[in-house]
Amino acid sequence: MCGILAVLGCSDDSQTKRARVLELSRRLKHRGPDWSGLYQHGDCYLAHQRLAVVDPNSGDQPLFNEDKSVAVTVNGEIYNHEQLRKKLVNHKFSSGSDCDVIAHLYEEYGEDFVDMLDGIFSFVLLDARDNSFIVARDAIGITSLYIGWGLDGSIWVSSELKGLNDACEQFESFPPGHMYTSKSRGLRRWYNPPWFSDSIPSVPFDPFVLRHALENAVIKRLMTDFPFGVLLSGGLDSSLITSITARYLAATKAAKHGGKLHSFCIGLEGSPDLKAAREVADYLGTVHHEFHFTVQDGIDAIEDVIYHIETYDVTTIRASTPMFLMARKIKSLGVKMLISGEGADEVFGGYLYFHKAPNKEEFHRETCRKIKALHQYDCLRANKATSAWGLEVRVPFLDKEFLNVAMSIDPKSKMIKKDEGRIEKWVLRKAFDDEECPYLPKHILYRQKEQFSDGVGYSWIDGLKAHAADRE
């Protein structure tokens, strides 16, 4: 993930102010260690710390339109950028970066272009012709973004809170699926899928439609000019993502970075995840990397973890710590991008308490509530625990098109009914239960869920509790 910082309308265009913006932008350098850029137009500043995953030679930011009247600083990946370029036949692009389409789409379609983007993104776009600007964040909040207000009336935007906390009297999380425009001086939601309303979907479950949608979501994310891998805990979600990636990798551009898929797992010695991940990796033939940590390693890292993930939520810290440690190991191997399985539990009601749902209506409403809150928890963890070491995580289960399919299924099919042999996430398991060409061994496909921080080793939680008790 890259890091962006924007200061808009600060009534100060001095060199001192420019130096201050640069200083704050450097706090985000861990997110983008490959290059940095700063564009100034009057009293507006757009700063960028780049992690080069696509087009490392010419994709430095900020990016511009042809006459440089429109500038944009972006954190994210636009998976449909090649299709969008075909719509922009009268435009000339300065790079092969997937984010290069944003300024040109704005020229062609105005503010309404945001919903055309298929990907993960946070960006600030500045139109120098009238000094107007747009701030937008992806549908679910996979990329992190915050907005703040200075005492001088300026608006500040940053990938992380640490870019804002010295300069703003007030700041908050920028809501997912929203955009802020200077012309309206307010937020509006650009992402309005049918499942956001209270209406209960009624589309019959079709396993082949669901399978095809997830496969497409994985394939479109195999867009990289650098080595990549998959996070494999051995549970259902990460195992399916790894299986699909291994199955289709050879036919994608990402295949040029080596023949075999690399998978990564972390855990305490003898943990459930390590054993299950090793079994899946052997079955799929991945080059598997198994990392170990101790309870003390995790405790020693907590202060750094909190600094990077910027939350005191106990569950998020507990789950972020092993991921933070693993990300450092992965980065040392030269990997820049990872594919992961976040989001499936929210979409399909995978948490064990979903068996208490009294009816399909309440089941569906709870899945919607969980998805809408992901940016505060699992997405925040996956984004910041890895970007701390200059890695990017992509999450196919939260693909916009996949969500449209999965959240349109009649929730009656998703409900847990043990008397009928339907455990949690039954529709997802059924969609990939292929007798002729299996994606996974049966016992992995129907393995019951472990929380990530439990799966890395049960003594991790016990060790944290003991450490906290000792400090009281």
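How many helices and strands are there in the chain? There are 16 helices and 17 strands, taken as DSSP runs numbered from the N terminus (H or I of at least four residues for helices, E of at least two for strands). This is a predicted model, where local features need pLDDT of at least 70 and side-chain atom pairs count only at pLDDT 80 or more, while totals for chains, interfaces and linings use all residues. Residues are numbered from 1 along each chain as its sequence is written, and side-chain values use heavy atoms, leaving out hydrogens and water.

**Figure 1. The whole chain, before zooming in.**
The C-alpha trace spans about 65 × 55 × 45 Å along its principal axes. The radius of gyration is 22 Å, which agrees with the value near 23 Å for a compact globule of 472 residues; the radius is taken over C-alpha atoms, and the globule rule is 2.2 Å times the number of residues to the power 0.38. Buried residues account for 60% of the 472, where buried means under 20% relative accessible area, exposed means over 50%, and partly exposed is in between (1.4 Å probe, protein chains only). Take the contacts (heavy atoms within 4.5 Å) between residues at least 6 apart in sequence: 70% of them join residues at least 24 apart. About 18900 Å² of the chain is exposed, with carbon and sulfur atoms supplying 50% of it; these areas come from the Shrake-Rupley method with a 1.4 Å probe, and for residues only the protein chains shown count as cover.

**Figure 2. A cis peptide bond at Pro62.**
The bond from Gln61 to Pro62 is cis, and its omega is near 0 degrees. Pro62 sits in the loop between strand S3 (44-50) and strand S4 (63-64). For background, most peptide bonds are trans.

**Figure 3. Thr73 in strand S5.**
Gln61 turns up again here, as one of the residues that Thr73 touches. Thr73 belongs to strand S5 (residues 70-78) and counts as buried because its relative accessibility is 0%. Its side chain reaches the backbone oxygen of Ala47 at 3.0 Å. Beyond four places in sequence, the residues touching Thr73 also include Ile4, Leu46, His48, Ser122, Phe123 and Val124.

**Figure 4. Two positive phi angles, two levels of cover.**
Arg185 and Lys425 are not glycines, yet Arg185 has a positive phi of about 55 degrees and Lys425 one of about 60 degrees. Most residues other than glycine have a negative phi. Which of the two is buried, and which is exposed? Arg185 counts as exposed, at 54% relative accessibility, whereas Lys425 is buried, with a relative accessible area of 2%. Arg185 is in the loop between strand S11 (178-181) and strand S12 (186-189); Lys425 is in the loop between helix H12 (400-406) and helix H13 (426-431).

**Figure 5. Ile155 and its neighbours.**
Arg185 is also one of the contacts of Ile155, a residue in strand S9 (residues 155-158). Ile155 is buried, with a relative accessible area of 2%. Leaving aside neighbours within four places in sequence, other contacts of Ile155 include Ala6, Val7, Leu8, Phe133, Trp149 and Tyr180. For a sense of scale, the C-alpha atoms of Ile155 and Gly463 are separated by 43 Å, with their positions 308 residues apart along the chain.

**Figure 6. Helix H11 and what packs around it.**
Nine of the ten residues of helix H11 (residues 378-387) are buried, so the helix is largely enclosed by the rest of the structure. Among the buried ones are Cys379, Arg381, Asn383 and Lys384. The buried residues of H11 pack against strand S8 (146-149), helix H7 (295-309), helix H8 (314-332) and strand S17.

**Figure 7. Glu392 in strand S17.**
Strand S17 (residues 392-394) contains Glu392, which counts as buried at 2% relative accessibility. The side chain of Glu392 makes a polar contact with the side chain of Arg394, at 2.7 Å. A polar contact is a pair of N or O atoms within 3.5 Å; within protein, one must be able to donate a hydrogen and the other to accept it, and residues adjacent in sequence count only if both atoms are side-chain atoms. Setting aside residues up to four places away in sequence, Glu392 touches Met1, Leu51, Val53, Glu77, Lys336, Met337 and Leu338.
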